[in-house]
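Take a moment with the sequence and the fold before reading on. Two topics follow: unusual backbone angles, then the ligand site.

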Amino acid sequence: METTWSHATVLLNEAVDALFKQGEEPYPGAAEGSYVDATFGRGGHARLILSRLAPGGRLTAFDKDPLAVAEAARISDPRFSIRHQGFAHLGELPAGSVTGLLMDLGVSSPQIDDPARGFSFRNNGPLDMRMDTTRGESVSEWLATAELNQITEVIREYGEERFAGPIAKAIVARRQERGPISTTGELAQLVAEQVKTREPGKDPATRTFQAFRIFINAELEELQQALAASLSVLQGGGRLAVISFHSLEDRIVKQFIARHAREEYDRRAPFAAPKVMQLRALGRIKPSDEEVQANPRARSAILRVAQRMAA
Ligand SMILES: C[S@@+](CC[C@H](N)C(=O)[O-])C[C@H]1O[C@@H](n2cnc3c(N)ncnc32)[C@H](O)[C@@H]1O
């Protein structure tokens with residue numbers, strides 16, 4: 001399927017280098033390894049990974065979005081396969097089978113730019129926001145019946161929005177008066193009326209849209225599940241590289257790596273051997289000034305890299 005929307009890949013070389021090289025030196029056997037791109041998108045990282053693989057290497061990709069999967073189907077390479085699944089299914093891969101795992105979190109530019117997907121507060125479209133349009137509830141359907149408390153909590157937790165209470169009340173009042181909100185334009189306007197302060201360069205609907213997107217796609221839960229599964233699917237010495245775009249995601253990734261990168265003592269058994277470290281933290285990389293200038297969506301990106309310790 002041909003789409004007109006394109007995605008400028010963030011931290012392209014940095015993320016792929018993190019999987020294949022330590023400094024300037026390739027990891028031994030890196031080109032023959034089995035890699036996972038958990039967020040195919042439009043395949044920017046995936047194509048670079050494939051270009052670095054020897055004939056015996058493999059790349060398995062995941063994406064929830066049927067349009068991303070259709071794009072992946074255009075890659076005809078026997079070393080490549082795509083799964084139309086959330087990356088929470090990562091744990092279904094054989095234990096110890098993965099040499100390198102990449103996660104480039106969040107939404108792709110085609111998802112945001114196409115008003116029909118319902119992610120955009122700038123361009124009016126149906127209030128959907130599902131990455132996987134083949135299943136689950138749209139934001140409009142959820143808001144039609146959700147309790148006031150739940151709407152407030154979602155906006156507060158996932159949007160870190162001060163005006164969560166008034167926004168949620170306005171959504172419920174509006175639904176009682178005129179029926180559920182069905183378009184992004186209606187939601188953006190309603191939110192703007194409730195947000196009493198303005199952040200420079202930021203649309204007043206940004207936080208609420210982020211919150212609903214995270215909630216409707218269960219983004220943080222799936223991230224937690226995939227990170228936990230990475231410990232079983234990565235082989236000893238295998239690499240984990242995660243790019244996040246906001247502080248809620250980055251906090252989860254940072255804490256996960258920190259938690260598994262230290263020896264743990266059992267307080268109830270102080271003389272027992274400590275639980276061994278499962279990961280070694282290899283650092284944090286941010287996009288260069290040149291990349292941010294060329295692609296403003298790279299502005300908030302943070303890449304964290306870790307290595308699975310041998311069992
Ligand atoms: C930032 S884009 C990835 C872009 C890609 N690295 C590229 O260079 O084209 C994120 C992609 O991950 C997908 N995605 C987000 N959460 C997902 C999840 N839990 N499971 C599978 N795919 C997910 C989205 O549908 C989107 O296509």
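In which loop does M129 lie? M129 sits in the loop between α4 (109–113) and α5 (139–145). The model is predicted. Look at the backbone there. M129 is not a glycine, yet its phi is positive, about 70°. Most residues other than glycine have a negative phi. Is M129 buried or exposed? Its relative accessibility is 0%, so M129 counts as buried, the cut-off being under 20%.

Now move along the chain to E160. This residue is found in the loop between α6 (148–159) and α7 (164–178). E160 also has a positive phi, near 45°, and is not a glycine. Its setting can be classed too. E160 counts as partly exposed because its relative accessibility is 39%, and that class runs between 20% and 50%.

Next, the ligand. It has 24 residues around it. Which of them come nearest? They are T9, H45, D63, F87 and D104. By class, the shell holds six nonpolar residues, 12 polar ones and six charged ones.

The protein backbone also comes into play. A backbone N or O atom of R42 lies 2.9 Å from a ligand oxygen atom. For G44, a backbone N or O atom is 3.1 Å from an oxygen atom of the ligand. K64 places a backbone N or O atom 3.3 Å from a ligand nitrogen atom. How much of the ligand does the protein bury? Taken alone, the ligand exposes 600 Å², and the protein buries 98% of that.

Technical notes. Residues are numbered from 1 along each chain as its sequence is written. This is a predicted model: local features need pLDDT of at least 70, side-chain atom pairs count only at pLDDT 80 or more; totals for chains, interfaces and linings use all residues. Side-chain values use heavy atoms; hydrogens and water are left out. A residue is near a molecule or strand if one of its heavy atoms lies within 4 Å of it. A polar contact is a pair of N or O atoms within 3.5 Å; within protein, one must be able to donate a hydrogen and the other to accept it, and residues adjacent in sequence count only if both atoms are side-chain atoms. Accessible areas come from the Shrake-Rupley method with a 1.4 Å probe; for residues, only the protein chains shown count as cover. Ala, Val, Leu, Ile, Met, Phe, Trp, Tyr, Cys and Pro count as nonpolar, Asp, Glu, Lys and Arg as charged, and the others, Gly among them, as polar. Helices (H or I, at least four residues) and strands (E, at least two) are DSSP runs, numbered from the N terminus. Buried means under 20% relative accessible area, exposed over 50%, partly exposed in between (1.4 Å probe, protein chains only).
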